[in-house]
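Me: I am new to this structure and would like to understand the words people use for it. Could you walk me through them, with the reasoning behind each one?

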Amino acid sequence: MSVILPTFFKDKEFEISITHIPSRQNVTFFSWLTGFTDGFTSTWTGTPVYGRMDDLYTFQKTSRNITISFDVVAQDDLEAIQNRERLNKLTQFLYPVYSNPVGGGLSRENSQVLQAAPLLKMKFNSFVQNAGDNTELVGFLNGFTHQPAIESGPFIVNRPT
C-alpha cells in the first residue's frame, strides 16, 4: 500500500532545514509536525546584602530551548532510503569537526585536533527562525531520538527476486 501525501506536504513552509555550520552540509526534512515547544528562561543571581531581608539581583542571561517532534514519512522505498540517509547525516551533525591526522610516528598517526564545535543553523516555517531577518537560527542540537513505527512495517529494499 502506498501512502499518498497531501500536495502541501512538500511545500517550503513544511520544511525543517538544518545546516552544519563547520561543514556547510545541509539536511532537509519535510515535516509532519507532532509537537513543538519554545521555552525561554531568564537567569538571575541573588546577592545577600547586610541589613536587607531580600537579595539584590543581577541579570545573567536568557536561554532558549526549542523542542520539535515530527514524523519522517516515506511514500515509497526510494524516499525511505533518502530518509535514512537524512537521519544518518543529522547524526553526524552532533559531532565536532577534527583535523586530518597530525604528527608522526606509529603512536601519533591518529592524532587529530578539534577544529570546530557542531554548531547548526535551523529554520522551520515561522516557528524556528531569526526574528530580525527571517533567516536561520544559530544554535546546537542536544540530541535527537529516532523511533521507527515498527507496527507500520518497513519497506523491504534490495530483496532477492
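Me: Why is Glu15 called buried?

Reply: Happy to start there, with a reminder that this is a predicted model. Glu15 has a relative accessible area of 17%, and buried means under 20%. The value falls under that cut-off, so Glu15 counts as buried. Glu15 belongs to strand β1.

Me: What is Glu15 in contact with, leaving aside its neighbours within four places in sequence?

Reply: Contact here means heavy atoms within 4.5 Å. By that test Glu15 is in contact with Thr28, Phe29, Phe30, Ser31, Lys123, Phe124 and Asn125. Phe29, with its own neighbours within four places left aside, has a contact list that includes Glu15, Ile16, Phe70 and Leu87.

Me: Which residues make up the largest nonpolar core?

Reply: That core has 11 residues: Ile16, Ile18, Val27, Phe29, Leu87, Leu90, Phe93, Leu120, Met122, Phe124 and Val128. At least two of its residues come from each of β1 (15-20), β2 (25-30), α1 (77-92) and β7. The element that gives the most is β7, with 3 residues.

Me: How do you know that Phe124 is buried?

Reply: Its relative accessible area is 3%. Buried means under 20%, so Phe124 qualifies.

Me: And what makes the pair of Phe124 and Phe127 stacked?

Reply: A pair of aromatic rings is described by the distance of the centres and the angle of the planes. For Phe124 and Phe127 the centres are 5.7 Å apart and the planes are at 15 degrees. Rings pair if their centres lie within 6.5 Å, and planes under 30 degrees apart count as stacked. Both values pass, so this pair is stacked. Phe127 itself is partly exposed, at 39% relative accessible area. Phe124 and Phe127 also form one aromatic cluster together with Phe36.

Me: How many aromatic pairs does a search of the whole structure find?

Reply: The search finds 4 aromatic pairs. One of them is formed by Trp44 and Phe59.

Me: Why is the pair of Trp44 and Phe59 called edge-to-face?

Reply: The centres lie 5.2 Å apart, with 70 degrees between the planes. Planes over 60 degrees apart count as edge-to-face, so the angle of this pair earns the name. Trp44 sits in strand β3 (residues 32-47) and Phe59 in strand β4 (residues 56-71), so the pair ties together parts that are 15 residues apart in sequence. Phe59 has a relative accessible area of 41% and is partly exposed.

Me: What makes Asp38 and Arg64 a salt bridge?

Reply: Their closest N and O atoms are 2.7 Å apart. A salt bridge needs a side-chain nitrogen of Lys or Arg within 4 Å of a carboxyl oxygen of Asp or Glu, so this pair meets the test. Asp38 is in strand β3 and Arg64 in strand β4, so the bridge ties together parts that are 26 residues apart in sequence. Both partners are partly exposed: Asp38 has 29% relative accessible area, and Arg64 has 36%.

Me: How many salt bridges does the structure hold?

Reply: It holds 2 salt bridges. Asp54 and Arg52 also meet in a salt bridge, at 3.5 Å from N to O. Here Asp54 is partly exposed at 44%, and Arg52 is partly exposed at 46%.

Me: Why does Leu119 count as partly exposed?

Reply: Leu119 has 38% relative accessibility. Buried means under 20% and exposed over 50%, with partly exposed in between, so Leu119 takes the middle name. Its place is in the loop between β6 (114-116) and β7 (120-124). Leu119 joins Ile21, Val138 and Phe140 in a nonpolar surface patch of about 380 Å².

Me: Where is Gly46 found, and what does Gly46 touch?

Reply: Gly46 is found in strand β3. Not counting residues up to four places away in sequence, Gly46 touches Asp55, Leu56 and Tyr57. Gly46 and Tyr57 are 11 residues apart in sequence, and their C-alpha atoms are 4.4 Å apart in space.

Me: Last one: in what order do the elements of the protein run?

Reply: From the N terminus on, the order is β-β-β-β-α-β-β-β-β. That matches a count of 1 helix and 8 strands. Of the 161 residues, 15% count as buried.

How values were computed:
Residues numbered from 1 in each chain as written. Predicted model: local features only at pLDDT ≥ 70, side-chain atom pairs only at ≥ 80, totals over all residues. Heavy atoms only, no water. Patch = residues over 30% accessible without salt bridge, like charges linked within 9 Å, V, L, I, M, F, W, Y side chains within 5 Å. Areas by Shrake-Rupley, 256 points an atom, 1.4 Å probe, with all protein chains shown as cover. Helix = DSSP H or I, 4+ residues; strand = E, 2+ residues; numbered from the N terminus. Buried < 20%, exposed > 50% of the residue type's maximum accessible area, 1.4 Å probe, protein only. Phe/Tyr/Trp six-rings, centres within 6.5 Å; stacked < 30°, edge-to-face > 60°. Core = buried A, V, L, I, M, F, W, Y, C linked by side-chain atoms within 4.5 Å.
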